[in-house]
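Here are a few short exercises to work through with the coordinates open. Try each task yourself before reading the solution.

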Protein chains: 2
Amino acid sequence: MDVKTLCLGVLSMGERSGYEIKKTVEESFHHFFRAGYGSIYPALAELERAGHVAGREVAQEGRPAKRVYGITATGRDLLGRTLVGEEPRHVVRSEFLVLMYFAHLLPAERLAAVLDTMIARFRDGLAADLDHYARTHDQLTAGQRFALGYGRTVVAAALDYLERHRETLLDEVTVSDASGRPQAGDALAAAGD
Amino acid sequence: MDVKTLCLGVLSMGERSGYEIKKTVEESFHHFFRAGYGSIYPALAELERAGHVAGREVAQEGRPAKRVYGITATGRDLLGRTLVGEEPRHVVRSEFLVLMYFAHLLPAERLAAVLDTMIARFRDGLAADLDHYARTHDQLTAGQRFALGYGRTVVAAALDYLERHRETLLDEVTVSDASGRPQAGDALAAAGD
DNA sequence: AGCTGGATATATCGAGTCGATACATCGTGA
DNA sequence: TCACGATGTATCGACTCGATATATCCAGCT
């Protein structure tokens, strides 16, 4: 599934501009999908060229004019066929966990800082999520509640893991650093070659 | 962090060919990172050009010759600096959850099939993971145990959520379909193309 | 009055990634 | 013998990401 399909899906819930599509994705798909303008605008252009969406200019007072897109009948058809036809992918790409995998190459302060950053990020994300859910949950479909609930559950589990293993990891890494193995900070300081 | 850094990291654990790097990533980073040949081979070529890794041909009997790379001193230095300097990203891209978000556009059988596919995938992944962990856990560093444990915990939480909400979602979607709203399967059957 | 920062809005470019594919060698089992 | 799968290197097009440019308007500060 590419951003084209995502746009069709969002537009199936109502007319939106490119900017507003990105806002919707950020709010509703926060935990499991993202899309930048560099993907959205070309996708919209291609969809319009193919007749799956129709755009029209909308003047606004107090802010720039926008181009609002609506999904067409063929667009709805394409969306249905794409959702049925593609196998469901689910990919995690975590540079954070790669960093943790190589924790023994990091200075202890850096390790602690990274851990704290992620804990804060997950906490904030969860709070924003809960807030968004509370404001909208009575208008959501079963599928929307399911997807949002999944994200919330998984992030909560991740946060819990981080909080419960932070100290242990920090201790173990410090101990093994102290036991003779050189740490990256040292190597760096000595690296003068 | 790009695949170049990933390669340096893997090579810091020992010499490997491009093919073997991919194997290592699949085994050890299964839950949180992946890299294809289309990224690994160019990364290796660029790293060698810059002097961060050194490659040599190794003949093998009974299988094709391979080109094995080892990390150099400047490579180790670059790895340390990169791991310290980059902010930790963590991105999930789940077409599966987008699909669930739009569950009301899916025929019930398709929805059930997608759910079952994901449950099976997570179950298998978890089993392979447990197996890999059991075979290697006494040689792992604290950071490696932490990263692997994170992956295991999060996948287990996801699997649990899926198993506990599968029936509910299926019921709710079926009910709302029956209550008059047309479903994608109908639209598709009527579309005649 | 003037200036800055931030939200709204569209658009593009280069760098990097992904998935598919091509090619080649060798062992194993039908 | 012959297809298949594992090992191995390599590349190409399509797509995505992140940064950046441009522009308008409001709110708040000096």
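**Exercise 1.** Find how Arg67(A) meets a phosphate oxygen of DNA strand C, and then which elements supply the surface around that strand.

*Solution.* This is a predicted model, so let's treat each distance as a property of the prediction. Start at Arg67(A): a polar atom of its backbone is 2.6 Å from a phosphate oxygen of DNA strand C. Next, go to Gly18(A), where a backbone N or O atom lies 3.5 Å from a phosphate oxygen of this strand. Tyr19(A) uses its side chain instead, with a polar atom 2.9 Å from a phosphate oxygen of DNA strand C. Now widen the view to elements: helix 2 (18–28), helix 3 (37–49) and strand 3 (66–71) of chain A, along with helix 3 (37–49) of chain B, each give two or more residues to the surface near DNA strand C.

**Exercise 2.** Describe the surroundings of DNA strand C by nearest residues, by residue class and by the part of the DNA involved.

*Solution.* First, list the neighbours: of 22 residues around the strand, Tyr19(A), Gln60(A), Arg67(A), Arg89(A) and Asp2(B) come nearest. Second, sort the surface by class, which gives 7 nonpolar, 7 polar and 8 charged residues. Third, turn to the DNA: of its atoms within 4 Å of the protein, 70% are sugar or phosphate and the rest belong to bases.

**Exercise 3.** Which residues of chain B place an atom by a phosphate oxygen of DNA strand D, and which helix gives the largest share of the surface near this strand?

*Solution.* Take the side chains first. A polar side-chain atom of Arg89(B) lies 2.3 Å from a phosphate oxygen of DNA strand D, and an N or O atom in the side chain of Tyr19(B) is 2.9 Å from one. For Arg67(B), look at the backbone, where an N or O atom lies 2.6 Å from a phosphate oxygen. Finally, the largest share of the surface, 4 residues, comes from helix 2 of chain B.

**Exercise 4.** Work out how chain B is placed relative to chain A, and which residue of chain B comes closest to the rotation axis.

*Solution.* Superpose chain B on chain A: the operation is a rotation of 180 degrees with 0.0 Å of shift along its axis, and the RMSD is 0.0 Å. That is the relation of a two-fold axis. Now search along the axis: the C-alpha of Val92(B) comes closest among the residues of chain B, at 2.3 Å. As a last step, compare interfaces: 99% of the interface residues of chain B are interface residues in chain A too, so the copies meet through the same surface.

Notes:
Residues are numbered from 1 along each chain as its sequence is written. Chains are lettered from A and ligands numbered from 1 in the order in which they are written. This is a predicted model: local features need pLDDT of at least 70, side-chain atom pairs count only at pLDDT 80 or more; totals for chains, interfaces and linings use all residues. Side-chain values use heavy atoms; hydrogens and water are left out. Copies are superposed by least squares on the C-alpha atoms of residues with pLDDT of at least 70 in both. Contact means heavy atoms within 4.5 Å. A residue is near a molecule or strand if one of its heavy atoms lies within 4 Å of it. A polar contact is a pair of N or O atoms within 3.5 Å; within protein, one must be able to donate a hydrogen and the other to accept it, and residues adjacent in sequence count only if both atoms are side-chain atoms. Ala, Val, Leu, Ile, Met, Phe, Trp, Tyr, Cys and Pro count as nonpolar, Asp, Glu, Lys and Arg as charged, and the others, Gly among them, as polar.
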